[in-house]
Amino acid sequence: MLEVLASYRPVRPSGERFSGHESFPCRYGWLPKFFDLLLEDPASVRHDEHVMVKMGVGRNMVKSARFWASAFGVMEDLPKRPPAPTPFGRWLLDPSHGADPYLEDVGSLWLLHWRLVSTAQLAAWEVAFFETPEREVLKRFLLQKVERRAAELERRLTASTVRQHLDIFLGCYGAPLHVGANAIEDSLACPLQELGLVRLNPAGDRDELIEFVRGPWRHLSVDTFVRVTLDYWQLRALNDRTLTLRALLSDFASPGLVLRLDEAALWRLLVDAEMRYPALFELADSMERRALVLKAPDVATAKTRVGYV
């Protein structure tokens, strides 16, 4: 079998987006409801009043829902073209034949998390998952990293804009620390909290300790992992037939970084993937290297065979 080792080059993270979410994490029910409207009348999702009535939310929440639909990769929204469902959006959320129209399967949340971190170009997400190897970090230090990202990009942003962007990131993954007037609503704000990737703990009177939890994950199935891996293969190494364990573990936007997997957990999932799909994958395990080899003709064919897009 011909194997071509992937020649990975460091890719500069873009991470240029600091706003658009209108101070709201993506809330339960938003994506399915918004996607239904998108299928019904694509052009109408750009009209705030129409979406406000259909979804029963305020104007700022409509803008936020539109942002998250695009950021999660279920809607394509380009200038001078009407919005449209993406193939991934149809595969996941189509009410007639989608894989999980109501987001009841935690595997769907892993896929949405993967798409958000790897393709949405959100600064806090890239800083947290790609540039923060520490298991624990104080919020003020993570904020400094995000502020440096803004400075590197020569973005003239107010301190409150950067701080709010980080707060939205934390609101997506970690339940709030303090109980207040909006505690119940806020604690259920975003379905990504179910993944358990981030824990928030008090650190004195004015700071928080952010814990980035690592796998292995009992709620990450081999099928979901295979879909993430094939997405990564398509995005980062489309013409290569082999991905090294190092690349899968630690390259920019790799499954290891996005899913917070250590080497042992990642290798176990690769072994399970080979066992489940022996016609698609083969593992190379030698003193010189460990790698995943694609046996299917190409990544698109492999995606079709596992029932993915």
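Select A123 first: with a relative accessible area of 0%, this residue is buried. The model on screen is a predicted one. A123 is part of helix α6. Now add A150 to the selection. The two residues are 27 apart in sequence, and their C-alpha atoms are 8.1 Å apart in space.

**Helices α6 and α7**

Next, show residues 123–130, which form helix α6, together with residues 139–152, which form helix α7. Their axes come within 10 Å and cross at roughly 120°. Angles of 65 to 115 degrees count as roughly perpendicular and those over 145 as roughly antiparallel, and α6 and α7 are therefore oblique to each other. The crossing of α6 past α7 is right-handed.

Which residues of α6 and α7 meet? On the α6 side, select A123, A124, E126 and V127. On the α7 side, select L142, K145, V146 and R149. Sorted by class, this contact of α6 with α7 has 5 nonpolar residues, 3 charged ones and no polar ones. A123, the starting point of the tour, is thus both a buried residue and one of those that meet α7.

**Two loops with positive phi**

Step back to the loop between α5 and α6, where Q121 is found. Q121 is not a glycine, yet its phi is positive, at about 60°. Is Q121 buried or partly exposed? Its relative accessibility is 31%, and buried means under 20%, so Q121 counts as partly exposed.

Then go to L103, in the loop between α4 and α5. L103 also has a positive phi, about 55°, without being a glycine. Its relative accessible area is 17%, so L103 is buried.

**Helix α1 and what covers it**

Select residues 30–40, helix α1. The buried residues in this helix are W30, L31, P32, F34, F35, L37 and L38. What covers them? Colour the following elements separately, as each is among those that cover the buried residues of α1:

- helix α2, residues 48–55
- helix α3, residues 59–71
- strand β1, residues 75–76
- strand β2, residues 84–85
- helix α4, residues 87–93
- helix α5, residues 106–119

The last two entries, α4 and α5, are the helices on either side of the loop that holds L103.

**A cis peptide bond**

Move on to P216, in the loop between β5 (208–212) and α10 (222–236). Show the backbone from G215 to P216: the peptide bond there is cis, with omega near 15°.

**T229 in helix α10**

From that loop, follow the chain into α10 and select T229, which lies in this helix. T229 has a relative accessibility of 2% and therefore counts as buried. What is T229 in contact with, leaving aside its neighbours within four places in sequence? The contacts are L248, P255 and L292.

**D251 and R246**

Finish at D251, placed in the loop between α11 (245–250) and α12 (255–258). D251 counts as buried, because its relative accessibility is 13%. Display the side chains of D251 and R246: a polar contact of 2.8 Å joins them.

Note on methods. Residues are numbered from 1 along each chain as its sequence is written. This is a predicted model: local features need pLDDT of at least 70, side-chain atom pairs count only at pLDDT 80 or more; totals for chains, interfaces and linings use all residues. Side-chain values use heavy atoms; hydrogens and water are left out. Axes are lines fitted to C-alpha atoms, for helices over the stretch in contact, and angles run from 0 to 180 degrees between N-to-C directions. Helices (H or I, at least four residues) and strands (E, at least two) are DSSP runs, numbered from the N terminus. Angles under 35 degrees count as roughly parallel, over 145 as roughly antiparallel, 65 to 115 as roughly perpendicular and the rest as oblique. A crossing is left-handed if the near helix is turned anticlockwise from the far one by less than a right angle, and right-handed if clockwise. Contact means heavy atoms within 4.5 Å. Ala, Val, Leu, Ile, Met, Phe, Trp, Tyr, Cys and Pro count as nonpolar, Asp, Glu, Lys and Arg as charged, and the others, Gly among them, as polar. Buried means under 20% relative accessible area, exposed over 50%, partly exposed in between (1.4 Å probe, protein chains only). A polar contact is a pair of N or O atoms within 3.5 Å; within protein, one must be able to donate a hydrogen and the other to accept it, and residues adjacent in sequence count only if both atoms are side-chain atoms.
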